[in-house]
Each structure stands twice: as C-alpha cells, then as structure tokens.
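The following exercises invite the reader to study a protein chain step by step. Each task is followed by a worked solution.

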Amino acid sequence: MQGGPARRPTDFLLVTGLSGAGLQTAAKSLEDLGWYVADNLPPELISRMVDLTLESDSRVDRLAVVIDVRSRLFTGDLGWVLKELETKPIHTRVLYLDASDDVLIRRFEQVRRSHPLQYDGIDGTLSEGIAAERDQLAPVKAAADLVIDTSALQAHQLRHRIEDAFGTAENLSVQVTVQSFGFKYGLPTDADMVCDVRFLPNPHWIPELRPQTGQSAPVRDYVLSQDGAQDYLSTYHHVLDLTITGYRREGKRYMTIAVGCTGGKHRSVAMSEALAARLGDDHGLAVRVVHRDLGRE
C-alpha cells in the first residue's frame, strides 16, 4: 500500500552572525514559533540535514540551522552551501545578527566568557577576536536576506523582530488552557492564575442537579444565573485580557488558568466553559478546556 505524497519543508532558515549578537535568543524564539532548530551544525552537514527533512516520514516542515564561528569548520564562506540548497525543493533564507563592537564587548564582559576567535590573533584581545569574526563573516552578511542589528535591542525586542519576520498567525497565538479543579484535591501546580468560584451556591445541594455536571445545561444555567456570577465572569475576563496583553509583550505564549470549586464537578466546570467561550472570541488566542477532577468523586 502506497503512502500519501511526501511532505516537503516549506522553509529553510540559515541563522548566523556575530558571537554575542543574540543567536541563542533567535534560536529559542524560532523553536517557540514551531521551527526545528539545529544549533552549531558544521557547514558540510547542512545539506544532509535538509535531505533528512525531505524524507516522506519526516515531520519537519520548517528547519532552521544556527551556524557561527564556534564551528571551526565555518570560515564565513556559505556560497557553496546556498548554491547546493538551490537544487532542493525548499525556500531558503539567511538571517544575520549584527551588533556594534562596544555592545559586543560589554556583553562578553557581563557573561565573563572569551570570544571564540579571541586567542587566534597576535594580542589575544576581545576586540581582536570581534574584528576577526566581523571580517570572516562579511561575505555571508552581504548575502543575507535579513540583517538585524541587536545593539539597541533587549532580548524580548529581538524575539518580537523574529516573530514578525518568521512567525505565522497560528504560532503567534497565545495558547490558553482553562482548567477546572476541586480544591479538596489540591491546587494545580502548573497554574499561572487561579480563581475561586466557591462563593457561588453549590448545585450539589439540589437533588436534581447533584448527579449532573457543570457541562449540562441545567447546572450551567443555575451557576451562571446566580448573583455575582456574570459580574465575576466579566471582571475576570477583563483581568485576563490585561494579563494576556502583557504576556504577548514579554513573549510568553502559554498560559494556564485554574478555576476551582469544592469538588471540581459543578461550579468550576460551568465557569471554565463560560470563561473559555469568552476567551475564544478574542483574536489571537488558542483556547482549550480541561476538567481535571470531573468524574473523580
């Protein structure tokens, strides 16, 4: 039986630039955007790595390779690599990260690490290593599709630049998990925010509602019609809107909101579903609901 058509990576990104210019931040940002990132790969292995992603059973459709002078095999000449990649069914781009000498010196001094080329010169100074690297990488900088000068950028600002250039609407969304739980079973350890809806009357004490859950219409209507329920829902939604805006600004893409009642069966379930529905209407959010303790009683 023959399988379906082979999957092809639509994007290949070569990430390079000066040591200390933010290559690791760029790599982590690309990983968060769903790219498969290979770090410090020798130039001779780049084409082979691409071939592996072209195989029919590969799940990689966006590949980024970070290459810099940490690899002693990298001399700054990538022309032959790019020419070889032109024969493959991929869209190739080159990202180059740059920074001024004084900023690079300050960054190396802050982390107290030597430059990869520092001791290759006559004097063995940091400035000499940076100058040698800048000369060595001049050809690849000239061939780059995008050059980002990180001299005046903070880490989160560089992440935003990477997101703007290489992100998609899907992977730029904030992944929000709304999780109901019962306080008697303990707080969720992975929650970013916790709200308590035990102030609402408990459907457990109404015989016809007790066997049902917060996912059933009678329980949902009962919980959400109580005094303060809609105000609480609207207020908490507003707080989350402010928080998520800040998360986006700081580059945080994942958030877990825990909604608790006594047993995690009625009130927290109904409120979680209602809160997730409101969040689902917000642009740029991917929302899912998890009921941790439902059925545990």
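**Exercise 1. A pair of strands and its sheet**

In which sense do strand β6 and strand β8 pair, and over how many bridges?

Solution. The model is a predicted one. Begin by locating the two strands: β6 covers residues 174-182 and β8 covers residues 254-261. Their pairing is parallel and extends over eight bridges. For one of the residues involved, Phe181, the bridge partner in β8 is Gly260. Next, place the pair in its sheet, an open one of four strands with parallel pairing and the order β7-β8-β6-β9. At the edges stand β7 and β9 (285-291), each of which pairs on one side only. From one strand to the next, the twist averages 20°.

**Exercise 2. The sheet of five strands**

Determine which strands stand at the edges of the sheet β2-β3-β1-β4-β5.

Solution. Read the order first: five strands form this open sheet, and their pairing is parallel. The edge positions belong to β2 and β5 (146-149); each has a single partner strand, so one side of each lacks a neighbour in the sheet. The average twist between one strand and the next is 20°. Then examine one pairing within the sheet: β1 (residues 11-17) and β3 (residues 62-66) are joined in the parallel sense by five bridges. Val15 has Val66 as its bridge partner in β3. Finally, add the helix: α1 (residues 23-32) lies across β1, β2, β3 and β4 (92-98), and runs at about 160° to β1.

**Exercise 3. Two helices that cross**

Describe how helix α9 and helix α10 are arranged relative to each other.

Solution. Two quantities are required, since a packed pair of helices is described by the angle between the axes and the distance between them. The axes of α9 (residues 229-250) and α10 (residues 267-280) come within 10 Å and cross at roughly 50°. The two helices are therefore oblique to each other. The crossing of α9 and α10 is right-handed. The residues that make the contact include Tyr232, Leu233 and Tyr236 of α9, and Met271, Ala274 and Leu275 of α10.

**Exercise 4. Asn202 and Asp190**

Decide for each of these two loop residues whether it counts as buried, partly exposed or exposed.

Solution. Take Asn202 first; its place is in the loop between β7 (193-196) and α8 (217-224). The relative accessibility of Asn202 is 19%, and because buried means under 20%, Asn202 counts as buried. A polar atom of the Asn202 side chain lies 3.0 Å from the backbone nitrogen of His204. Beyond its neighbours within four places in sequence, Asn202 is in contact with His266 and Arg267.

Now turn to Asp190, in the loop between β6 and β7. At 47% relative accessibility, Asp190 counts as partly exposed. Its contacts, neighbours within four places in sequence aside, are with Gln179 and Thr256. The C-alpha atoms of Asp190 and Met255 are separated by 9.2 Å, although these residues are 65 apart along the chain.

**Exercise 5. The backbone of Asn40**

What is the sign of phi at Asn40?

Solution. Recall the general rule: most residues other than glycine have a negative phi. Asn40 is not a glycine, yet its phi is positive, at about 60°. Asn40 is found in the loop between β2 (36-39) and α2 (43-53). With a relative accessible area of 30%, Asn40 is partly exposed.

Key. Residues are numbered from 1 along each chain as its sequence is written. This is a predicted model: local features need pLDDT of at least 70, side-chain atom pairs count only at pLDDT 80 or more; totals for chains, interfaces and linings use all residues. Side-chain values use heavy atoms; hydrogens and water are left out. Buried means under 20% relative accessible area, exposed over 50%, partly exposed in between (1.4 Å probe, protein chains only). A polar contact is a pair of N or O atoms within 3.5 Å; within protein, one must be able to donate a hydrogen and the other to accept it, and residues adjacent in sequence count only if both atoms are side-chain atoms. Contact means heavy atoms within 4.5 Å. Two strands pair if DSSP finds at least two bridges between them. Axes are lines fitted to C-alpha atoms, for helices over the stretch in contact, and angles run from 0 to 180 degrees between N-to-C directions. Angles under 35 degrees count as roughly parallel, over 145 as roughly antiparallel, 65 to 115 as roughly perpendicular and the rest as oblique. A crossing is left-handed if the near helix is turned anticlockwise from the far one by less than a right angle, and right-handed if clockwise.
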